[in-house]
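Colleague: I'd like a close look at one part of this model, the helix that leads to the metal site and whatever packs around it. Could you walk me through it slowly?

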Amino acid sequence: MTRLRILLDNGHGKETPGKRSPVWGDGTQLFEYEFNRDIVHRIARMLAHKGITFDIIVPGLADTPLSQRASLVNHICAVNGKANCLLVSVHANAGGGTGWEVWTSRGQTQADDYAEIFYRHAERAFPEWRMRSDTTDGDHDKEADFAILAKTACPAVLTENFFMDTEKDCRFIMSEAGRDRIARMHFDAILECVEHFEKATR
Ligand SMILES: [Zn+2]
């Protein structure tokens, strides 16, 4: 049986400018590359435990250019079949808002089904937080031609997990409890995506 292969992308590198929170009153600061990698590694541990095949697209701490990340993804897609892969790109948001959102490339694709699964899991996992959505096209994902979504062959979703420049959000994603909830939410969503894929390809 073909199983869905999960491609985990942790964007940005240690030296990427801008991708960090302000320094808070107590001297703490969040760096997005560290957050993204920590969440991806937590998800990876749970997937390994469950026997679900995955790849971590950027294993190091350096910033891998988007074009290179896309070609790494597309190489795996070429070997495994693009419909048999799901790319999950994990981020922290910025721009002074609050809450959680999920993005896909523009238009109706297989990614929209997966994004809807992620959205419903996030809604359940973060009941006290604002869910940010665009329902003008009939589903909850937001759509944009981010390179990691538009230049990759397989279905791809990108999660923006709270705002690193809003202190309440940032405290949540710096905390062990917050990170555990975010990683579990992604894991549970991925499990349902795997089931969805298996039903659709049976
Ligand atoms: Zn980011």
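**Around helix H1 and beyond**

Modeller: Let's start with Ile43, which sits in helix H1. Keep in mind that this is a predicted model. Ile43 has 0% relative accessibility, so it counts as buried. Setting aside the residues within four places of it in sequence, Ile43 is in contact with Leu8, Val90, Ala183, His186 and Ile190. Its C-alpha atom is also 5.8 Å from that of Phe187, although the two positions lie 144 residues apart along the chain count.

Now follow the helix to its other point of interest, the zinc ion. Helix H1 covers residues 32-50, and Glu32 belongs to it. Glu32 is one of the protein donors of the zinc ion, through OE; the others are His12, through NE2, and His91, through ND1. These donors lie 2.1 to 2.2 Å from the zinc ion. Along the chain they follow the spacing H-x19-E-x58-H. Glu32 and His91 tie together distant parts of the chain: they are 59 residues apart, with His91 in strand E3 (residues 85-93). Both Glu32 and His91 are buried.

Two of the residues that touch Ile43, His186 and Ile190, also turn up where helix H3 meets helix H6. Helix H3 spans residues 110-125 and helix H6 spans residues 176-201. Their axes are 9 Å apart, and they pack at an angle of about 140 degrees. Roughly antiparallel would need an angle over 145 degrees, so H3 and H6 count as oblique to each other. The crossing is right-handed. On the H3 side you'll find Gln110, Asp113, Tyr114, Ile117, Phe118, Arg120, His121, Ala122 and Ala125. Facing them from H6 are Arg181, Met185, His186, Asp188, Ala189, Ile190, Glu192, Cys193, His196 and Phe197. By type, the residues of this contact divide into 10 nonpolar, 4 polar and 5 charged.

Helix H6 has another partner, helix H5 (residues 167-174). Here the axes come within 4 Å and cross at roughly 80 degrees, which makes H5 roughly perpendicular to H6. Phe172, Ile173 and Met174 of H5 make the contact with Glu176, Gly178, Arg179, Arg181 and Ile182 of H6. That contact divides into 4 nonpolar, 1 polar and 3 charged residues.

From there you can step across to Phe162, in strand E6 (residues 156-163). Phe162 touches Phe172, Ile173 and Ile182, and beyond those Ala92, Asn93, Gly99, Trp100, Phe126, Trp129 and Asp169, not counting residues up to four places away in sequence. At 0% relative accessibility, Phe162 counts as buried. To place it against the helix we began with, the C-alpha atoms of Phe162 and Ala48 are separated by 26 Å, and the two residues are 114 residues apart along the chain.

One last stop is Asp55, in strand E2 (residues 54-56). Its relative accessibility is 18%, so Asp55 counts as buried, the cut-off being under 20%. Leaving out residues up to four places away in sequence, Asp55 touches Arg5, Ile6, Leu7, Leu8 and Ile76. Leu8 is the link back to where we started, as it is also among the contacts of Ile43.

Conventions. Residues numbered from 1 in each chain as written. Predicted model: local features only at pLDDT ≥ 70, side-chain atom pairs only at ≥ 80, totals over all residues. Heavy atoms only, no water. Buried < 20%, exposed > 50% of the residue type's maximum accessible area, 1.4 Å probe, protein only. Contact = heavy atoms within 4.5 Å. Donors = N, O, S within 2.8 Å, 3.2 Å for Na, K, Ca; no water. Axes fitted to C-alpha atoms, helices over the stretch in contact; angles between N-to-C directions. Parallel < 35°, antiparallel > 145°, perpendicular 65-115°, else oblique. Left-handed = near helix turned anticlockwise from the far one by under 90°. Nonpolar A, V, L, I, M, F, W, Y, C, P; charged D, E, K, R; others polar.
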